[in-house]
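Student: I should like to take a close look at a single part of this complex, the sheet of one chain. Please describe how that sheet is put together, and then place it in the context of the rest of the model.

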Amino acid sequence: MELGVYSFGDVQRDPETGALGTTAEAQRNLLEAIQLADQVGLDYFGIGEHHTYEMPASAATVVLGAAAATTKNILLGSAVTVLSTDDPVRVYQQFATLDALSNGRAEITAGRGSSTESFPLFGHSLNDYDDLYAEKLDLLLRLNESDRITWEGRFRPSLDDALVVPRPVNGKLPIWLATGGNPNSTVRAAIAGLPVSYAIIGGDAERFAPLAQLYRQAVEQVKVPNADVRISVASPGFVGEDSNAAKELWWNHYHEAFRAIGEIRGFPAPQRAGYDRDANGKGALFVGSPEEIADRILALHGAMKHDRHFFQMDLGQLPQKDFLRSIELLGTKVKPLVDAALAEKADAQPETA
Amino acid sequence: MTEPKVIGILGAGRVGTAIARRALAAGYQVRVASSRPATEIALVLQFVAPGAIASDADEVIAGSDIIVLALPLSKYRNLRPDALAGKIVVDAMNYWAPTDGVLPEFEGAPSSTEVVADHLAGARLVRSFNHMGYHEIDGEARPKGDAERRAMAVAGDDPQARETVAGFIDRLGFDPVDAGRLSAASAFDIGTPVFGARLDRGQLKAALNLPAAA
């Protein structure tokens with residue numbers, strides 16, 4: 001099972017003055033985090049497009065490009081690319097270039113994303129959301145099929161036998177479809193033969209298990225040739241040596257992040273009781289000691305059989321040193337525990353069709 | 001009216017399927033329609049709300065005792081007022097401009113449900129479910145009398161319809177709180193202290209300025 005990290009490029013706060021750090025420093029911190037994730041053996045790092053002072057990861061492929069040149073094995077992707085407000089041709093060119101620089105380690109994850117600043121920024125209307133997304137996803141998938149394209153749509157000038165290069169190292173780029181749990185999105189991924197990525201950010205994580213079953217059943221029924229059938233889970237999480245200390249530290253940052261978002265979107269700040277519920281047992285917040293997080297990943301894996309699980313750790317101005325330590329523990333402690341447990345399980349139960 | 005038996009849900013997204021699951025668990029028959037083809041809805045329901053029947057909107061409306069609107073708000077104009085006339089209709093939709101885009105007729109409206117009510121003149125419209133998140137509808141339902149049971153506000157101009165929907169909510173696992181006329185719904189829209197908050201019956205009544213004993 002692959003483990004990894006995703007980030008929106010969280011800024012830092014000066015511990016002395018409390019002042020918000022610079023958006024430029026946030027990009028360098030992000031690069032440092034990816035490099036460490038690679039060194040400690042993690043499988044994946046995703047950058048989620050955002051356009052705010054607190055989360056300034058607006059140009060993910062530039063940071064990922066720097067990471068491509070300074071890492072060896074880690075897969076580099078978006079989590080997510082807000083496809084609706086971007087030009088699929090440009091998205092494809094950038095990720096194909098990233099793929100070339102990293103020798104085939106680039107991935108795209110397309111989705112709505114958790115925020116909507118990119119709509120006014122790039123002159124799109126949220127009212128067109130569904131149509132924009134459907135059209136642009138169609139074009140992106142077509143671009144992945146061949147280097148020459150003839151295409152016509154509503155939101156972008158037509159393409160007449162246009163050449164789109166560079167081409168991916170392995171023929172095609174993995175393109176994941178991200179969803180927050182709307183069953184129709186699961187069916188959409190299955191019908192398109194795409195791997196699906198579930199954002200599970202609150203409540204009971206196992207409530208997504210029926211969606212994973214729906215995905216596999218829909219894939220079975222549709223029988224898309226060469227379908228890439230994989231499931232990933234993205235969730236908030238933080239690993240510390242000590243369970244209680246990790247939960248205590250991360251609460252402050254979790255609270256700050258969701259308080260700020262709630263203020264903008266009209267919902268109340270999170271309460272500690274809800275956090276404690278979700279940060280334990282079957283909850284969606286994977287915060288705790290390495291052993292605890294390994295157990296909880298394995299428990300969810302029992303229900304969902306997901307292929308990849310990756311975590312958003314740097315929320316609400318988490319200090320960089322804590323972010324890096326959490327990445328290190330995920331790679332050096334959690335991953336070996338998860339690998340060993342899954343290998344043992346595979347030995348005990350011979351593969352059945 | 002007699003005790004409702006069939007719950008019809010328009011919309012098979014996260015809210016619609018969460019309400020479908022709870023209604024099935026409470027022993028109701030459940031029918032669901034959405035803009036997707038019925039075969040696709042049937043596949044979805046097989047996994048996310050096993051036992052619910054996929055149907056088209058007209059059949060759902062004609063054959064159900066309570067109809068829950070759980071579709072994207074921007075699609076409300078597709079609802080046929082003549083088909084819903086006389087029916088008990090629960091509006092669970094929210095107007096969320098930062099995520100769904102600006103809809104001019106909702107800008108400045110006292111609450112989104114009043115715009116829906118204007119469109120569906122003739123329906124026995126009740127406002128509820130909207131102030132609780134979809135994963136809470138799933139995870140927070142509790143049996144009657146449970147100390148952790150959360151409350152859900154019910155507003156509407158038809159007292160009988162309010163009472164029927166209150167009974168439905170009670171069976172689903174929440175304490176219904178009668179907020180009165182539809183105009184009271186503005187007190188539990190997005191941006192109010194009630195929206196998204198964990199409140200029991202007493203706390204919700206206090207937040208809505210209702211007398212504690214009522």
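Tutor: Two strands are said to pair if DSSP finds at least two bridges between them. With that criterion in hand, the sheet of chain B can be described; the model is a predicted one.

In chain B, eight strands make up an open sheet, and their order across it is S3-S2-S1-S4-S5-S6-S7-S8. The pairing in this sheet is mixed. In general, strands of a sheet pair through backbone hydrogen bonds, and they may do so in parallel or antiparallel fashion. The edges are formed by strand S3 (53–54) and strand S8 (175–180) of chain B, each of which pairs on one side only.

At the S8(B) edge, the neighbouring strand is S7 (residues 151–156) of chain B; the two run parallel and are joined by five bridges. Within this pair, Ala151(B) has Asp175(B) of S8(B) as its bridge partner. Elsewhere on the sheet, helix H1 (residues 14–25) of chain B packs against it and touches strand S1 (6–10), strand S2 (29–33) and strand S4 (66–69) of chain B. The direction of H1(B) makes about 165 degrees with that of S2(B).

As to confidence, chain B has a mean pLDDT of 95, and 99% of its residues reach 70 or more. For the complex, the predictor gives an ipTM of 0.87 and a pTM of 0.93.

Chain B also meets chain A, in a contact that takes 24 residues from chain B and 26 residues from chain A. On the chain A side, helix H6 (183–192), helix H7 (209–222) and helix H8 (243–265) each supply at least two residues. The largest share, six residues, comes from H7(A). By character, this side of chain A comprises eleven nonpolar, twelve polar and three charged residues.

Several loops of chain A have backbone features that merit inspection. The peptide bond from Ala79(A) to Val80(A) is cis, with omega near 15 degrees, and Val80(A) lies in the loop between strand S3 (75–78) and strand S4 (81–82) of chain A. Another cis peptide bond joins Val165(A) and Pro166(A), with omega about 0 degrees; Pro166(A) is located in the loop between strand S7 (159–163) and strand S8 (175–179) of chain A. Asn103(A), a residue other than glycine, has a positive phi near 55 degrees. Asn103(A) sits in the loop between helix H3 (88–101) and strand S5 (108–111) of chain A, and it counts as exposed because it has 12 C-beta neighbours inside 10 Å.

Note on methods
Residues are numbered from 1 along each chain as its sequence is written. Chains are lettered from A and ligands numbered from 1 in the order in which they are written. This is a predicted model: local features need pLDDT of at least 70, side-chain atom pairs count only at pLDDT 80 or more; totals for chains, interfaces and linings use all residues. Two residues are in contact if their C-beta atoms, placed from the backbone, lie within 7 Å. Helices (H or I, at least four residues) and strands (E, at least two) are DSSP runs, numbered from the N terminus. Ala, Val, Leu, Ile, Met, Phe, Trp, Tyr, Cys and Pro count as nonpolar, Asp, Glu, Lys and Arg as charged, and the others, Gly among them, as polar. Axes are lines fitted to C-alpha atoms, for helices over the stretch in contact, and angles run from 0 to 180 degrees between N-to-C directions. pLDDT is the predictor's confidence in each residue, from 0 to 100. A residue is buried if 20 or more other C-beta atoms lie within 10 Å of its own, exposed if 12 or fewer, and partly exposed in between; C-beta atoms are placed from the backbone.
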